[in-house]
Amino acid sequence: NSYPFQLSGGMRQRVCIAMTLAAERQLLLADEPGTALDVTIQDQILRLIKQLVDSGELSVIMVTHSLGVIRQVTTEVNIMYAGTMVEGGDTKKVFEHPIHPYTKALLSAIPIPDPDVAKSRSRIKLEGELPTPINPPAGCPFKGRCPMATEECGKSRPEMRDFGGHKAACFYAEAGK
C-alpha cells in the first residue's frame, strides 16, 4: 500500500530485483545487485540468483566491485581496469592463481577476518595516478601503477593471452606465478 517515493532504497532495490526475476528472461544483467541491501537480504538475493543459474533457468552477467560476491556467485570472472579487461577465466582459477598484477593487488586487498592470518599476509599497495578515460594513455592502461611496468608497456597495449583457460593482458604475466 505504499507509493514508490515512500520506499527505502533497500525496498526499491528488492522491488526491482523481484520485477526483473518475474519477467522470466533467460539473461539477467545485474549491476551491483546487492548494493542497497543489508547483508542478510543481499545473501538471500544472491542465493536465489545462484539457484536460478544452477537450475539452468537463468544466465547472469554481474557487474560488481564486491570480490566476495564474485567468488560466491560466479563461475567465470573478468577483471577490468580503467574500462579494459585485464584478466579473465574460471573464478576459482583467477582467485587462487591471479596472473595479472592488478588482479593480484585487488585480491591482496580483500579483508581477512582472522587477525593472525591477516598479519602474515602481504598487501600489494598500488601507487601512481589513475588513468583518465577522457585521455587514456598509450600502451597498457595499468602501466602508471604497475610494479612490473617497462618501456614496452608504454608503447603498445598487451593482448589477452591464454594460459590454459585463464587469460591475461600483460607482457609479463606467467601462469602459476
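Helix α1 is followed by E24, whose phi is positive, near 50°. That is a backbone detail of a predicted model, and the rest of this report works outward from the same helix.

**Two helices**

Helix α1 covers residues 9–22. Its length can be checked against the expected rise of 1.5 Å a residue. Helix α2 spans residues 39–54 and can be checked likewise.

| Helix | Residues in helix | Expected span | Distance between end C-alpha atoms |
|---|---|---|---|
| α1 | 14 residues | 20 Å | 20 Å |
| α2 | 16 residues | 22 Å | 22 Å |

For α1, the expected span and the end-to-end distance agree. For α2, they agree too.

**Helix α1: inside and outside**

G10, Q13 and I17 are buried in α1. They cover an arc of only 60° around the axis, so they sit on the same side of α1. The general rule behind such a pattern is that an α-helix has 3.6 residues a turn, so residues three or four places apart point the same way. M19 and A22 are exposed on the other side of α1. The cover over the buried residues of α1 includes α2.

**Helix α2: inside and outside**

The buried residues of α2 are I41, I45, L46, I49 and L52. Seen down the axis, they fall within an arc of 130°, so they line one face of α2. The face turned away from that buried side carries V39, T40, R47, Q51 and D54, which are exposed. Several elements cover the buried residues of α2, including α1, β1, β2 and α3 (67–73).

**A nonpolar patch on two strands**

L27, L29, I61 and V63 make a nonpolar surface patch of about 390 Å². Strands β1 (27–31) and β2 (59–63) each give two or more residues to this patch. Both strands are also among the elements that cover the buried residues of α2.

L27 lies in strand β1. Is L27 buried or exposed? L27 counts as exposed, because its relative accessibility is 53% and the cut-off for exposed is over 50%.

**A buried threonine in β4**

T84 belongs to strand β4, residues 84–90. T84 counts as buried because its relative accessibility is 18%, and buried means under 20%. Which residues does T84 touch, not counting those up to four places away in sequence? With that exclusion, T84 touches I79, P141 and R157.

Notes. Residues are numbered from 1 along each chain as its sequence is written. This is a predicted model: local features need pLDDT of at least 70, side-chain atom pairs count only at pLDDT 80 or more; totals for chains, interfaces and linings use all residues. Side-chain values use heavy atoms; hydrogens and water are left out. Patches are made of residues with over 30% relative accessible area and no salt bridge: like charges are joined within 9 Å, nonpolar side chains (Val, Leu, Ile, Met, Phe, Trp, Tyr) within 5 Å. Accessible areas come from the Shrake-Rupley method with a 1.4 Å probe; for residues, only the protein chains shown count as cover. A salt bridge is a side-chain nitrogen of Lys or Arg within 4 Å of a carboxyl oxygen of Asp or Glu. Helices (H or I, at least four residues) and strands (E, at least two) are DSSP runs, numbered from the N terminus. Buried means under 20% relative accessible area, exposed over 50%, partly exposed in between (1.4 Å probe, protein chains only). The expected span of a helix is 1.5 Å times one less than its number of residues. The arc is that of the directions from the helix axis to the C-beta atoms. Contact means heavy atoms within 4.5 Å.
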